[in-house]
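Thanks for coming. I'll take a few minutes on charged side-chain pairs, and then we can discuss.

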Amino acid sequence: MALLLLSHCAAKHQPLEFPGYFALMPENEFTLVQNDEAKALESVSQPTGFQKRRLGELYQNEQRGLKSTSSRYVVLDQKIQQLKDETIELDKSIIQLQAEIAKYPSEDIPPPKPAVFSDPGMKKAFADAAKLWNGDESAKALERLDSASKMFDSTLSTAEKLRINNLRFRIYSEASDLKSSSTAYLAMKSLDDCNPDTTQAGFLLSILTFAQGDAGNALKILDGQCDRDETELGKQRRSYWRARFQEGQGTVSTIAYQALASAPIPAFYSFLAETRLGQRVSVPTSQSPVKGYLSQEFNVPEEVHQLLLSAEERLKWNLKRDAMAFLLKASRRMRKSPGKSDVVPLLYIAHLCQAAGNHLEALRIYAQVTQFMTQDPELSPLVTPRLLAEMFPRPFEAKVDWLSKMWGVDADYVYSIIRQESAFSPTAVSGSDARGLMQLMPALARMLAKQWSFRSYYSDRSLFDIDENLKLGVFHLKQLDVLVPHPALIAAGYNAGVNRAIRWWKRYGNYPLDVFIELIPVNETRNYVKLVLRNYYFYKNLRTGKPVDPSQVPFQLGPIPPEYITSNGAGFLPRWTQVDTKRLQVD
């Protein structure tokens, strides 16, 4: 009962300001800075429990780099055990919190799709068809799919039929076969009109119809959908394309474009809308006090208030990992069902997460509160230059600028990639084993290192050092810029591999930029390209303080080189392009 009352009572919390922390290498690596910090703590005559705990962390970091047989290792082992005994209560509280946090569902791994095909034969046939399509053998994929669906037709459920028709639709639409795509889409509508896959198929069909010159029918298809996506991004997508189709019929929907362009925190479609209006792309900011959300007390549940106090106390003593245990619990508690009044507390939690070096959690919070800030004009005063600089930070600026100048790559674009790839974490490792700040696959990195005569001191572990990761990552962006010279194509190539980017350029390169991006057949890559371009506009605008010329991201991709069309990438592309940069599958 006491806990229940604690969680519902409100308390006022006074925010504190902390600097953002960006790790240069894994936190458990012992550095000269950490050595100096340990010596300073050793000199304290009566250390607090927090100081003892931090000193224990530093000793553990030093110990990791020593041989277990060395005398220093043994001395440190004794000191670490003594400090643990003296801070056992602090240790217990963190262990308990971490156990609670471990029960939270992961936000990094999407929930597995439920098994659809009950018959093993149909399941295998579907997997074979998808693999053939993935390998650019669409005719064989359709033949395999059609023969299997006829064979098992009497036993197929509605969900199974929907999935089969969705794959048919994807194959036909990728080939720009409008008639067959329409047939597959209508079959999906008859099975489950409001299923998200049906909605997405209808949206893609409207885009394809528009691209082939029929804006009127494109609008009818879009408006005839059962679209239950009420997220802010879903609404913006519908609004933009409705206006775009109307423009294709000769009526420029200025009001709709202006509404998108005036979002307090612009999204991808906001920037597209400004481009359609013929305007320079800008990021609006409030003229309210510089500190914004940091300048005012806010109300939070008593439980969250106590969690924030605990996190702040630990951040003062550099106990970043301990602080994050409290912040993660506070974040999950506040993000569970947030309202307008929770925006300021959430922004403050994001601020503390950045101080603790967990920029991924901060970005998750920013993504959630942006929904509220876009919907409610009363919250726009919170969008200050300070907040946007926290949302789009520029750490390691001297290193990034130097490497960008060396290779002739736009530093704003480099940051756009880093933010999306790793959320500024040098220790990030993806499910496909991409590593470090710019998320390079070890096989690709080894080849890049060899090309740059960097192999003599390269190892896969080098990818966790920001200096080495940046060297190879920026070099790789330069290679992509030479092969696929458009910001959207570079992003697609970085995420899915340059061969896939060239394949999509060949198929859809004659279409405008907005159409091209929507037709990218890999969900992850399509969303990635949108986010990287959004980041790019933010970084360039915030650095220069001026609206961005639309020519920075041309609305046409430009002509594809003839050799790409005739050779299908064989024989003239560098060997590194044959290395799979990210193990993606067309979904």
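What follows is a short pass over the salt bridges, starting with the total and then going pair by pair.

Keep in mind that this is a predicted model. How many salt bridges does the structure hold? The count is 42. The general background is brief: side chains of opposite charge can pair when their charged atoms come close.

Start with Arg-54. Arg-54 is in a salt bridge with Glu-37, and their closest N and O atoms are 2.8 Å apart. Arg-54 sits in helix H3, residues 49-64, while Glu-37 sits in helix H2, residues 32-42, so this pair ties together parts that are 17 residues apart in sequence. Is Arg-54 buried or exposed? Its relative accessibility is 5%, and the cut-off for buried is under 20%, so Arg-54 counts as buried.

Next, Arg-238. Its side chain meets that of Glu-230 in a salt bridge, at 3.5 Å from N to O. Arg-238 has a relative accessible area of 14%, and is therefore buried.

The third pair is Arg-435 with Asp-433. These two side chains form a salt bridge with an N to O distance of 3.2 Å. Here the partners fall into two classes: Arg-435 is buried, at 17% relative accessible area, whereas Asp-433, at 27% relative accessibility, is partly exposed.

Last, a network. Which residues are joined into one network by salt bridges that share partners? They are Arg-394, Glu-397, Asp-410, Asp-412, Lys-540 and Arg-543.

That is the end of my part.

Notes:
Residues are numbered from 1 along each chain as its sequence is written. This is a predicted model: local features need pLDDT of at least 70, side-chain atom pairs count only at pLDDT 80 or more; totals for chains, interfaces and linings use all residues. Side-chain values use heavy atoms; hydrogens and water are left out. A salt bridge is a side-chain nitrogen of Lys or Arg within 4 Å of a carboxyl oxygen of Asp or Glu. Helices (H or I, at least four residues) and strands (E, at least two) are DSSP runs, numbered from the N terminus. Buried means under 20% relative accessible area, exposed over 50%, partly exposed in between (1.4 Å probe, protein chains only).
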